Amino acid sequence: MNVTTAPDPLRVLVLAGSSREGSVNARLAALVAGQVERSGAVADLARIGDFVMPTYDGDAEQADGQPAGSAALRERLLAAQALVIASPEYNASVPGVVKNAVDWVSRFRPQPFKDKQTLLVSASPSMVGGNRGLWALRVPLEHLGARVYPDMFSLAAAHSAFGEDGELTDPGLRERLADTVDSFLALAEADTRYLCLQRRWYEFLGDESNAPVTQRAEG
């Protein structure tokens with residue numbers, strides 16, 4: 001008799017790009033982690049402050065190597081099949097602490113952002129919901145080979161969007177967040193299970209991986 005073993009559940013690193021107490025992005029990250037769990041995947045919830053690292057300096061890297069914080073973040077990334085970043089928007093762009101973490105971690109080989117299914121979400125008191133910061137964050141992640149999900153979730157007027165139970169008070173927004181997370185997880189699951197999806201655009205020239213890729217010149 002053939003016995004079929006169920007595959008291990010998808011593991012998702014959900015990273016809040018702010019460590020401030022009361023951060024709306026930390027609250028949004030917690031909601032995403034809850035939806036990940038309800039969908040049958042495993043959520044690894046973290047904050048950027050869990051990974052302390054200095055401002056990137058090539059001389060410091062050469063002299064002292066990688067800081068403990070970037071090494072820890074790399075390990076959490078490698079343990080996950082997918083990544084969600086809940087990032088604030090600072091001056092219409094990505095926060096320096098988030099970009100600094102990306103810069104440090106990108107120095108590892110093999111480079112851990114490559115091929116990582118990634119969803120970007122944000123919360124902001126502004127009426128654009130941090131969307132401009134997410135567009136800025138897409139650029140380095142896609143350059144590094146992350147497979148950034150086309151749809152992004154931006155929560156506007158976030159200071160008044162949460163109820164006392166931590167949930168979004170607007171039922172339409174709750175539904176949209178759940179649908180976005182579930183659709184992302186379905187794609188990440190397919191990418192993990194089905195090898196036919198593993199040929200993709202890739203432009204990061206610092207990685208010498210032997211994985212098959214499609215160069216833009218082939219188009």
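**Aromatic pairs and cores**

Reader: Is Trp 104 buried or exposed?
Author: Trp 104 has a relative accessibility of 2%. Buried means under 20% relative accessible area, exposed over 50%, and partly exposed in between (1.4 Å probe, protein chains only). Trp 104 therefore counts as buried.

Reader: At what pLDDT do side-chain atom pairs count?
Author: Residues are numbered from 1 along each chain as its sequence is written, and side-chain values use heavy atoms, with hydrogens and water left out. This is a predicted model in which totals for chains, interfaces and linings use all residues, local features need pLDDT (the predictor's confidence in each residue, from 0 to 100) of at least 70, and side-chain atom pairs count only at pLDDT 80 or more.

Reader: How many residues apart in sequence are the parts tied together by Tyr 56 and Trp 104?
Author: Rings of Phe, Tyr and Trp (its six-membered ring) pair if their centres lie within 6.5 Å; planes under 30 degrees apart count as stacked, over 60 as edge-to-face and the rest as tilted. The count is 2 aromatic pairs, and Tyr 56 with Trp 104 is edge-to-face at 4.8 Å centre to centre and 75° between the planes. Tyr 56 lies in the loop between strand 2 (42-47) and helix 2 (58-64), and Trp 104 in helix 4 (residues 96-105), where helices (H or I, at least four residues) and strands (E, at least two) are DSSP runs numbered from the N terminus. The pair therefore ties together parts separated by 48 residues.

Reader: Which geometry do the rings of Tyr 149 and Phe 184 have?
Author: Their centres are 5.7 Å apart and their planes at 70°. The pair is therefore edge-to-face.

Reader: Which helix holds Phe 184?
Author: The pair links distant parts of the chain, 35 residues apart, with Tyr 149 in the loop between strand 5 (147-148) and strand 6. Phe 184 lies in helix 6.

Reader: Which element gives the most residues to the largest nonpolar core?
Author: A nonpolar core is a set of buried Ala, Val, Leu, Ile, Met, Phe, Trp, Tyr and Cys residues joined through side-chain atoms within 4.5 Å. The largest has 32 residues, with Val 12 and Phe 162 making the most contacts inside it. Among the elements giving two or more residues are strand 1 (11-16), helix 1 (24-38) and helix 6 (171-193). With 8 residues, the most comes from helix 1.

Reader: Over which residues is the pLDDT below 50?
Author: The chain averages a pLDDT of 88, and 86% of the residues score at least 70. The stretch below 50 has 17 contacts (heavy atoms within 4.5 Å) beyond near neighbours in sequence, and covers residues 210-219.
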